[in-house]
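Me: Hi! I'm new to this one, could you walk me through it?

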Amino acid sequence: WLEGSPKFADLFDRHLDPSYYVEQPARLGDLSMVTTLARERGTGSAAAASGRGGAASMVRAELGGASFVADCFFLTQKLIWVGVIPAISRYRYMMEVMQQVARSSQGEDGADDLLASMRRRGAAPPLLPTLLWDCTRAQLFEPSLAEDLVQFSLVSLGWMEALLSAGRDDAFASIPEYSLSNALTWLDFVIRGGQAVLVASKPLGVVMASVARILDRPAAVRSPLLHDKVVNLMLTMLGPQLDVSRRTVGSSLGRTVMLPGEAALVSAVLRAAAAS
């Protein structure tokens with residue numbers, strides 16, 4: 001995908017070497033307590049990866065450090081982890097509060113549990129979470145941000161798939177879990193948020209090749225939680241196909257009702273499953 005473009009032909013091999021996590025602690029901060037994809041504690045334990053820099057090592061030698069491209073890529077991963085992912089968690093919590101408020105107004109049993117708990121803690125009234133939810137949604141789904149993060153998620157997945165294709169499973173002992181979790185969480189969030197077209201407009205083959213390779217190499221990606229996120233992403237992409245009540249609206253024959261881009265996501269997953 002990217003390597004087919006002259007502009008990015010050497011992106012993965014020349015710039016995005018996993019040894020960055022080991023060799024640039026001053027840029028990424030302390031990662032000693034971060035779990036890697038190989039389930040090792042701390043990126044410094046992956047000394048093997050730092051000895052396989054190849055072209056990336058020559059770039060660092062020439063420039064006196066990591067390249068600007070590498071800085072942008074790996075720092076963006078870290079910033080998504082500490083900024084965007086917590087914002088998604090707060091957004092989902094506020095959505096739960098709003099749903100509780102709606103059920104409470106309809107008199108459903110047990111719907112006041114969360115609101116009562118909030119009042120006991122002296123938390124904000126329902127109006128404030130509603131306003132915060134609106135503002136957070138507007139920010140997270142701002143077109144340029146959402147589009148750029150989808151693109152970046154695909155680059156991250158494509159990078160990991162390229163490492164596995166090259167037999168560099170040992171490099172996953174230095175890659176933090178958040179690098180994969182970020183991509184899976186964001187793609188799932190965008191699709192569930194009704195913006196499937198942002199993902200469907202990209203080369204879906206990159207997504208499916210990456211997740212298939214990850215599931216096929218459990219020794220490289222050992223976290224059951226990440227395996228679960230991979231499966232959940234595929235189920236989210238298949239959501240319109242699995243939601244029978246939604247697909248059978250207005251006709252006994254089952255007229256399909258899908259948002260823009262959803263049919264492409266369903267097709268991508270089914271084609272990948274058929275190929276497997």
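Here is a short chat about the core, a helix, a surface patch and some salt bridges.

Reply: Happy to! Keep in mind that this is a predicted model.

Me: Thanks. How many residues does the largest nonpolar core have?
Reply: The largest nonpolar core has 66 residues. Those with the most contacts inside it are Phe-74, Trp-159, Phe-172, Leu-180 and Trp-186. Helix H9 (residues 143–165) gives the largest share, 11 residues.

Me: What is Trp-186 in contact with, leaving aside neighbours within four places in sequence?
Reply: Its partners include Val-84, Ile-88, Leu-140 and Ala-146.

Me: And is helix H10 largely enclosed or not, and why?
Reply: It is largely enclosed by the rest of the structure, because 15 of its 16 residues are buried. H10 covers residues 177–192 and reaches 22 Å from its first C-alpha to its last. Just after H10, Gly-194 takes a positive phi of about 85°.

Me: Switching to the surface: which residues form a nonpolar patch there?
Reply: Leu-79, Trp-81 and Val-82 do, with about 290 Å² of accessible area together. Trp-81 belongs to helix H6 (residues 68–105).

Me: Now salt bridges. How many are there?
Reply: The count comes to 8. One of them joins Asp-17 and Arg-168, whose closest N and O atoms are 3.1 Å apart. Asp-17 lies in the loop between H1 and H2 and Arg-168 in the loop between H9 and H10, so the pair ties together parts 151 residues apart in sequence.

Me: Is Asp-17 buried or exposed?
Reply: Asp-17 is buried, with a relative accessible area of 3%.

Me: Which residues are linked in a network of salt bridges?
Reply: Arg-92, Asp-188 and Arg-192 are.

Technical notes
Residues are numbered from 1 along each chain as its sequence is written. This is a predicted model: local features need pLDDT of at least 70, side-chain atom pairs count only at pLDDT 80 or more; totals for chains, interfaces and linings use all residues. Side-chain values use heavy atoms; hydrogens and water are left out. A nonpolar core is a set of buried Ala, Val, Leu, Ile, Met, Phe, Trp, Tyr and Cys residues joined through side-chain atoms within 4.5 Å. Buried means under 20% relative accessible area, exposed over 50%, partly exposed in between (1.4 Å probe, protein chains only). Helices (H or I, at least four residues) and strands (E, at least two) are DSSP runs, numbered from the N terminus. Contact means heavy atoms within 4.5 Å. Patches are made of residues with over 30% relative accessible area and no salt bridge: like charges are joined within 9 Å, nonpolar side chains (Val, Leu, Ile, Met, Phe, Trp, Tyr) within 5 Å. Accessible areas come from the Shrake-Rupley method with a 1.4 Å probe; for residues, only the protein chains shown count as cover. A salt bridge is a side-chain nitrogen of Lys or Arg within 4 Å of a carboxyl oxygen of Asp or Glu. The expected span of a helix is 1.5 Å times one less than its number of residues.
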